[in-house]
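Q: I have a model open and would like to learn to read it feature by feature. Where do we start?
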Amino acid sequence: MKLLIDDANLEKIGKMMEYYPCDGVTTNPSILAKEGKEPYAQLKAIRSLIGNDMELHVQVVSLTAEEMVIEAEKITEILGKNTYIKVPSVPEGIKAMKMLKEKGFNITATAIYTAQQAYLAAKAGADYVAPYINRIDNLGADGVETAKTIQNILENNDLPTEILAASFKNSQQVLSLCEYGVGAATAAPDIIEGLLKNPTVTAAVDAFVADFEKAFGEGKTMLN
Ligand code: G3P
């Protein structure tokens, strides 16, 4: 399963890229608004930080299919070929996906709350469908189960579309989908760090160092 960073903050992205095996960055209009910078300036800085080979997902904001396509052309022209155009899975968005597919764009169908949306977006040519796990939970449904249903629909219908699961509230949700074999997940930095955060592990590592230093001297490592 690919793992992407759902954030537009350069410092956080830089840290995630340095420490963890991440495959790209996803943004949305709210995430970009949070940074308070001119959107293309921020996105160009992210592109230059992660390099041209990584996936960068950028959402259109227009409300008609025709304008979404024009936005997609500008986004791709400025940010390069490994850029995925996030399109909301509403009627105008599904229409836009069909148009974008014909033009050869990379498409991420976003704002997916139901398997029905995912089915239509996949049929329209989306490369990824992005179910919002936590937001689905908040509606009284089950986000992880919805993503699993979508995975079954894609597999049973031989659709080449992959899941890019988004909107996580904890790292166990990420792992459940990894176990199920979904294509990708995008998560905020604290959720990615949560995959590794474990006081028992930290205590075990601290004990190894303490035992070693007690026997061989403070500050002693295998280097000295
Ligand atoms: O882009 C989708 C994802 O970022 C939504 O996450 O945490 O706002 O529900 P969240």
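Q: Which residues of helix 8 are buried?
A: The model is predicted. Buried means under 20% relative accessible area. In helix 8 that picks out Gly-143, Val-144, Thr-146, Ala-147, Lys-148, Ile-150, Gln-151 and Leu-154.

Q: What covers the buried residues of helix 8?
A: To read cover, look for contacts, meaning heavy atoms within 4.5 Å. Here the cover includes three strands and three helices by name: strand 5, strand 6 (128–131) and strand 7 (162–165), with helix 6, helix 7 (133–138) and helix 9 (171–180).

Q: What span is expected of helix 8, and what does it reach?
A: Count 1.5 Å a residue. Helix 8 covers residues 143–156, which is 14 residues. The expected span is 20 Å, and the first C-alpha to the last reaches 20 Å.

Q: How does helix 5 fare on that length check?
A: Helix 5 runs over residues 91–103 and has 13 residues. It should span 18 Å, and its end C-alpha atoms are 19 Å apart, which agrees.

Q: Which residues of helix 5 are buried, and where do they fall around the axis?
A: The buried ones are Gly-93, Ile-94, Ala-96, Met-97 and Leu-100. Look down the axis of helix 5: these residues fall within an arc of 160°, so they line one face of the helix.

Q: What is exposed on the other side of helix 5?
A: Exposed means over 50% relative accessible area. On that side, Pro-91, Lys-98 and Glu-102 are exposed.

Q: Which elements do the buried residues of helix 5 pack against?
A: Two helices and two strands are named: helix 4 (65–79), helix 6 (115–124), strand 4 (83–88) and strand 5 (106–112).

Q: What follows helix 5?
A: Check the backbone torsion just past the helix. Gly-104 follows helix 5, and its phi is positive, near 85°.

Q: Phe-208 is in helix 11. Is Phe-208 buried or exposed?
A: Compare its accessibility with the cut-off. Helix 11 spans residues 199–216. Phe-208 has 62% relative accessibility, so it counts as exposed.

Q: How far apart are Phe-208 and Leu-223?
A: Give sequence and space separately. They are 15 residues apart in sequence and 16 Å apart in space, C-alpha to C-alpha.

Q: How do I describe the largest pocket?
A: Take volume, lining, then chemistry. The largest pocket holds about 350 Å³ of space. Its lining has 21 residues, with Asp-6, Asn-28, Ile-31, Arg-135 and Ser-167 nearest the centre. Helix 2 (29–35), strand 5 and strand 8 (184–187) each give two or more residues to this lining. Helix 2 gives the largest share, three residues. By class, the lining has eight nonpolar, seven polar and six charged residues.

Q: What does the second largest pocket look like by the same steps?
A: Its volume is about 170 Å³. It is lined by 13 residues, and Leu-32, Pro-39, Leu-43, Gln-59 and Val-61 lie nearest its centre. Helix 2, helix 3 (39–50), strand 3 (55–59) and helix 4 each supply two or more lining residues. The classes are nine nonpolar, three polar and one charged.

Q: What are the figures for the whole chain?
A: Start with secondary structure: 11 helices and eight strands. The C-alpha atoms fill a box of roughly 70 × 40 × 30 Å along the principal axes. Of the 224 residues, 45% count as buried. Then check contact range. Among contacts between residues at least 6 apart in sequence, 56% join residues at least 24 apart.

Definitions and conventions:
Residues are numbered from 1 along each chain as its sequence is written. This is a predicted model: local features need pLDDT of at least 70, side-chain atom pairs count only at pLDDT 80 or more; totals for chains, interfaces and linings use all residues. Side-chain values use heavy atoms; hydrogens and water are left out. Helices (H or I, at least four residues) and strands (E, at least two) are DSSP runs, numbered from the N terminus. The expected span of a helix is 1.5 Å times one less than its number of residues. Buried means under 20% relative accessible area, exposed over 50%, partly exposed in between (1.4 Å probe, protein chains only). The arc is that of the directions from the helix axis to the C-beta atoms. On a 1 Å grid over the protein atoms alone, a cavity is a set of points where a 1.4 Å probe fits but cannot get out, and a pocket is an open set with protein on both sides within 12 Å along at least five of seven lines; lining residues have an atom within 4 Å of a point. Grid points are joined across faces, edges and corners, and a volume is the space filled by probe spheres set on the points. Ala, Val, Leu, Ile, Met, Phe, Trp, Tyr, Cys and Pro count as nonpolar, Asp, Glu, Lys and Arg as charged, and the others, Gly among them, as polar.
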